[in-house]
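Hi everyone, thanks for making room for me today. Could you pull up the model on your screens so we can walk through it together?

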Amino acid sequence: MIIGHRGVAALAPENTLLGINAAADLGIKWVELDVQLTRDNVPVLFHDESVNRCTNGIGRLDLFTLAQLRELDAGAWFNARFEGEKVPTLEETLTLCAQRGISINLEIKCHSKTAPGLLVEKVAEVIKSTGYPNENLLLSSFSLPAIEHCLAMLPDCRVGLITEQTSPAFLDDIEPLNIFSVHCDQRHLSLELADAILSRGYQLNIWTLNEARKAQYFRGLGVTHIITDDPVPFSE
């Protein structure tokens with residue numbers, strides 16, 4: 001099953017409602033999105049530590065309040081026709097995804113100044129308040145502390161580890177955790193690593209594959225979800 005990376009990052013501004021709608025219009029059933037906190041502790045969709053690349057602002061995202069963040073343009077950097085697009089809150093995102101029938105692989109994005117416990121706490125509050133279905137949600141993170149907080153605060157949600165590891169040795173470290181999936185950099189996934197992950201009972205997902213011709217190879221390795229910037233070639 002194909003997952004649109006940050007919405008559909010090749011076709012629309014990443015981590016925006018516009019990108020989610022673009023994915024839904026293409027018939028994509030899953031999107032991968034990133035969440036972090038504003039200065040006033042509101043969970044919003046954003047990937048980078050700073051707003052420099054994906055808005056017309058400058059500075060670390062966590063130094064902006066939500067009101068200040070709303071003043072920035074999060075669409076024109078991608079293409080002028082997307083001017084005026086805003087950084088969405090997680091609440092807006094879950095509401096739209098529920099309306100459009102979209103499931104979410106939500107990455108808990110931990111940067112240098114991130115407090116994983118607080119981030120997961122605020123994410124959990126929004127998930128619970130919106131009633132977004134657990135079966136349509138897969139939480140993931142590079143951060144083991146964030147994963148541990150997800151397991152504690154959202155015990156009914158599936159949780160995955162994102163990794164760039166090339167050796168199966170790291171699997172011993174995560175064995176005590178009750179995680180659902182392992183998300184590997186497709187450039188580093190070998191047959192040995194795939195077999196080791198699957199033998200432990202984890203779902204195997206990869207990021208970020210943009211060469212549709214390789215999809216069959218990764219399916220053969222036992223990959224369930226392929227995260228891609230452009231889902232269109234995978235359906236052709």
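I'll go through the helix packing and then the empty spaces.

Quick housekeeping. This is a predicted model, where local features need pLDDT of at least 70 and side-chain atom pairs count only at pLDDT 80 or more, while totals for chains, interfaces and linings use all residues. Residues are numbered from 1 along each chain as its sequence is written, and side-chain values use heavy atoms, with hydrogens and water left out.

Okay, helices. Two packed helices are described by the angle between their axes and the distance between the axes. Helices here are DSSP runs of H or I with at least four residues, strands are runs of E with at least two, and both are numbered from the N terminus. The axes are lines fitted to C-alpha atoms, for helices over the stretch in contact, and angles run from 0 to 180 degrees between N-to-C directions.

Start with helix 1, residues 17–25: its axis comes within 10 Å of the axis of helix 3, and the two cross at roughly 15 degrees. That makes helix 1 roughly parallel to helix 3, a label used for angles under 35 degrees (over 145 is roughly antiparallel, 65 to 115 roughly perpendicular, and the rest oblique). The contact, meaning heavy atoms within 4.5 Å, brings in Leu17, Ile20, Asn21, Ala24 and Asp25 from helix 1, and Glu92, Thr93, Leu96, Cys97 and Arg100 from helix 3. By class, that contact has 5 nonpolar, 2 polar and 3 charged residues. For the classes, Ala, Val, Leu, Ile, Met, Phe, Trp, Tyr, Cys and Pro count as nonpolar, Asp, Glu, Lys and Arg as charged, and the others, Gly among them, as polar.

Now, which residues of helix 3 meet helix 4? They are Leu90, Glu91 and Leu94, and their partners in helix 4 are Val123, Val126, Ile127 and Thr130. The split in this contact is 5 nonpolar, 1 polar and 1 charged. Helix 3 covers residues 90–100 and helix 4 covers 116–130, with axes that come within 10 Å and cross at roughly 35 degrees.

Helix 4 also packs with helix 5, residues 144–153, at an angle of about 35 degrees with the axes 9 Å apart. Helix 4 contributes Pro116, Gly117, Val120, Glu121, Ala124 and Lys128, and helix 5 contributes Pro145, Ala146, His149, Cys150 and Met153. That contact divides into 7 nonpolar, 2 polar and 2 charged residues.

On to the empty spaces. On a 1 Å grid over the protein atoms alone, a cavity is a set of points where a 1.4 Å probe fits but cannot get out, and a pocket is an open set with protein on both sides within 12 Å along at least five of seven lines; lining residues have an atom within 4 Å of a point. Grid points are joined across faces, edges and corners, and a volume is the space filled by probe spheres set on the points.

How many cavities of 30 Å³ or more are there? There is 1, and the largest cavity holds about 60 Å³. Its lining includes Phe46, His47 and Trp77.

The largest pocket holds about 210 Å³. Of its 15 lining residues, His5, Glu32, Glu107, Trp207 and Thr208 lie nearest its centre. Strand 2 (30–37) and strand 4 (103–108) each supply at least two of the lining residues.

The second largest pocket has about 190 Å³. Strand 2 and helix 4 each give at least two residues to its lining, so to speak, and Lys113 is one of those nearest its centre.
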